[in-house]
Amino acid sequence: MVEKSELLPVLEQIERDKGIKKDDILKMIEQALVSAYKKHSGKMVNLEARINPETAEVQAFLIKKVVEQVVNDNLEIDLAKAKTYEAGAKLEDDIRIPVITEDFSRIAAQTAKQVIIQKIRETERQSILEEYITKEGTLVGGTAHRFVEHNIIIDLGKTEGILPVREQVRRERFAIGERIKVLVLKVEKGTRGPKILLSRSHPLVVQRLFEQEVPEVYEKMVEVIEVVREPGFRAKVAVKSNNPKIDPVGACVGVKGSRVRPIIDELRGERIDLIAWSSDPAKYIAASLSPAKVISVNIVNESEKQAEIIVSDDMLSLAIGKSGQNARLAARLTGWHIDIKSESQRKEAAQERVAHSAEELAKLEGVGPKTTDILIKGGWGSLEKLSRAKPDDLTVLRGVGEKTAAKIIEAAKDVLAKAKKEKSEAEETAAAAEPVETPVEAKEAVEEKKPE
C-alpha cells in the first residue's frame with residue numbers, strides 16, 4: 001500500500017505546477033503497476049490494479065476463470081478454491097483474488113516515481129513542441145551551445161535547436177556562448193523531444209529583422225513585398241507604403257541609417273538595397289538595379305518578361321555588380337529577364353542594325369540609297385517584314401508612292417524566294433556529293449570488322 005502522505009501531495013503539486021491532471025497520472029500508474037508486477041513475478045497472469053484517488057491506497061487482484069479442470073494455474077481456478085474467495089462463485093465466472101505480497105508496496109512506489117518522471121518529461125516535450133510550432137517563421141534568440149561536425153546546436157532556453165550547414169551563412173563565424181538571432185524554419189516531433197530546424201540564410205530572416213527594427217513595418221503601414229538575398233553579401237528588399245504620407249524606403253532606412261544599421265550589423269555586414277515597389281514594371285525594374293541609375297527601360301517582350309535596360313557608360317559595372325550579383329538579384333526580385341547595356345553599346349548595336357538593314361535592302365532592284373534610308377528610318381529594314389507588308393503600309397513614308405511601294409514589296413519577295421531556292425539547291429548538291437556505299441563495299445567493311 002502507498003500511503004496518502006507519500007503520493008497524493010506530490011501529484012497535487014505536479015497538477016498545480018505542470019498542469020498534469022492527477023487522475024491521468026493515477027491511470028498511468030495503474031497500467032504500469034500491472035506490467036511491473038508481471039515482470040517481477042515472471043508469470044503471465046491477468047492482473048488488475050486500482051488506486052484510490054482519495055487515499056492513494058493500492059489494491060491489486062488476480063483475475064481467474066472458474067473451470068472444472070485447471071490447465072493453466074495462472075489464469076484458471078477450480079470451483080472449490082474459487083468458493084474460498086467468493087462463496088457464490090460458479091463455473092465460467094471471473095473471480096478477483098487479492099494480491100497480498102510484501103513486495104507489492106515497493107513495486108508500487110518505484111513504479112509511481114518512474115511514471116511521474118516520464119509523464120512530466122512527456123508533458124514538457126509536448127508543451128515545447130506546441131510552443132515552437134506557433135513560432136515557425138519567426139525570429140528567436142539563443143546562444144551557440146556546441147558544434148556537431150559543421151552544424152551548430154543553439155540553446156534556446158527551454159530546449160535546443162539545430163542550425164545545419166545548409167542554413168548557415170558561409171561568411172559567419174560564431175563562438176561558443178555567443179548570442180545569435182535565428183529563424184525557426186521547421187518544427188517536428190522527435191523521439192527525444194521536438195526537433196527544431198533553424199536558419200540564418202533564409203530571406204525571412206531579413207524581413208523579420210525589419211519588423212523588429214521598423215515600427216511602420218511591424219504595424220503594416222509599410223509592407224515588405226519581396227526579399228531576395230545572397231546570404232552574407234547582398235540583399236534587395238522591395239517595400240510598399242500603405243499610407244500615402246509615408247515614404248517606405250525612408251522609413252526603413254531611418255535618420256542617417258539608424259534603422260537599417262542594426263539590421264546590417266546583425267547580418268554581419270551584409271549590404272541591403274531598399275527598393276520602392278511599383279506596379280509599373282519599367283519603374284520597378286529601374287529601381288531594382290539600385291544603386292545604379294537607369295536611363296531607360298525598354299520592355300522587349302511583356303508576355304515572356306524580357307526587358308532591355310540602358311545605363312550610362314560609367315554606371316554599367318555598378319548596374320551589373322561584382323560577378324553579375326546586382327543584376328542577378330534585380331532579376332530575381334522583379335521576375336524579369338534583364339539585359340543591361342550602356343549607351344555606347346546601344347549606339348553600336350543600332351549602327352550594326354542599320355548597316356545590316358542597308359546591306360539587306362541593297363539587294364532590292366530599283367531601291368537606291370535614299371529610299372533605303374527612308375525605309376530603315378520608318379522601321380522597314382527587314383526583307384521578311386517587307387515581304388509581308390501591304391502597299392498602304394509603305395505609302396505613309398515620305399517619297400514612297402503606291403507603285404513604288406508595290407515594287408519594293410515584290411522585290412523583297414523575289415529576293416527571299418531566290419535565296420530560298422539557292423539554299424535548297426546547295427543542300428541537294430551537298431547531298432549528291434556524299435559518297436554512297438555500294439553493297440560490295442559494305443560487305444568488305446563488315447568483313448574487316450569481323451574478329452580474326
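Begin at glutamate 230, which stands opposite arginine 234 of strand S11. The model on display is a predicted one.

**The sheet**

Select strand S10 (222–230) together with strand S11 (residues 234–241). The two strands run antiparallel and are joined by eight bridges. Add strand S12 (271–276) to complete the view: the three strands form an open sheet with mixed pairing, in the order S10-S11-S12. S10 and S12 are the edge strands, each pairing on one side only. From one strand to the next, the twist averages 20 degrees.

**Helices against the sheet**

Next, display helix H5 (residues 203–213), which packs on the sheet and touches S10, S11 and S12. The direction of H5 makes about 145 degrees with that of S10. Then select helix H9 (residues 281–288), which lies across S11 and S12. Relative to S12, helix H9 runs at about 160 degrees.

**The nonpolar cores**

Move now to the largest nonpolar core, which has 30 residues. Select Ile25, Ile29, Leu33, Leu47 and Ile95, the residues with the most contacts inside this core. To see the elements around them, colour helix H1 (4–18), helix H2 (22–41), strand S1 (47–51), strand S2 (58–67), strand S4 (94–98) and helix H4 (102–133); each supplies at least two residues of the core. Helix H2 gives the most, with six residues. A second core, separate from the one just viewed, has 23 residues, including Val214, Ile246, Ile264 and Leu274. In soluble globular proteins, nonpolar side chains tend to be buried together.

**A stop on helix H1**

Return to helix H1 and select aspartate 17, which is placed in this helix. Is aspartate 17 buried or exposed? Aspartate 17 has a relative accessible area of 54%, and because this is over the 50% cut-off, the residue counts as exposed. For a distance check, add arginine 50: the C-alpha atoms of aspartate 17 and arginine 50 are separated by 25 Å, and the two residues are 33 residues apart along the chain.

**Helix H16**

Finish with helix H16 (residues 402–433), which has 32 residues. From its first C-alpha to its last, H16 reaches 47 Å, close to the 46 Å expected at 1.5 Å a residue. Which residues of H16 are buried? They are Ala405, Ile408, Ile409, Ala411, Ala412 and Val415. To see what covers these buried residues, display helix H13 (369–377), helix H14 (383–387) and helix H15 (391–395), which are included in that cover.

Note on methods: Residues numbered from 1 in each chain as written. Predicted model: local features only at pLDDT ≥ 70, side-chain atom pairs only at ≥ 80, totals over all residues. Heavy atoms only, no water. Helix = DSSP H or I, 4+ residues; strand = E, 2+ residues; numbered from the N terminus. Expected span 1.5 Å × (residues − 1). Buried < 20%, exposed > 50% of the residue type's maximum accessible area, 1.4 Å probe, protein only. Contact = heavy atoms within 4.5 Å. Pairing = 2+ DSSP bridges. Axes fitted to C-alpha atoms, helices over the stretch in contact; angles between N-to-C directions. Core = buried A, V, L, I, M, F, W, Y, C linked by side-chain atoms within 4.5 Å.
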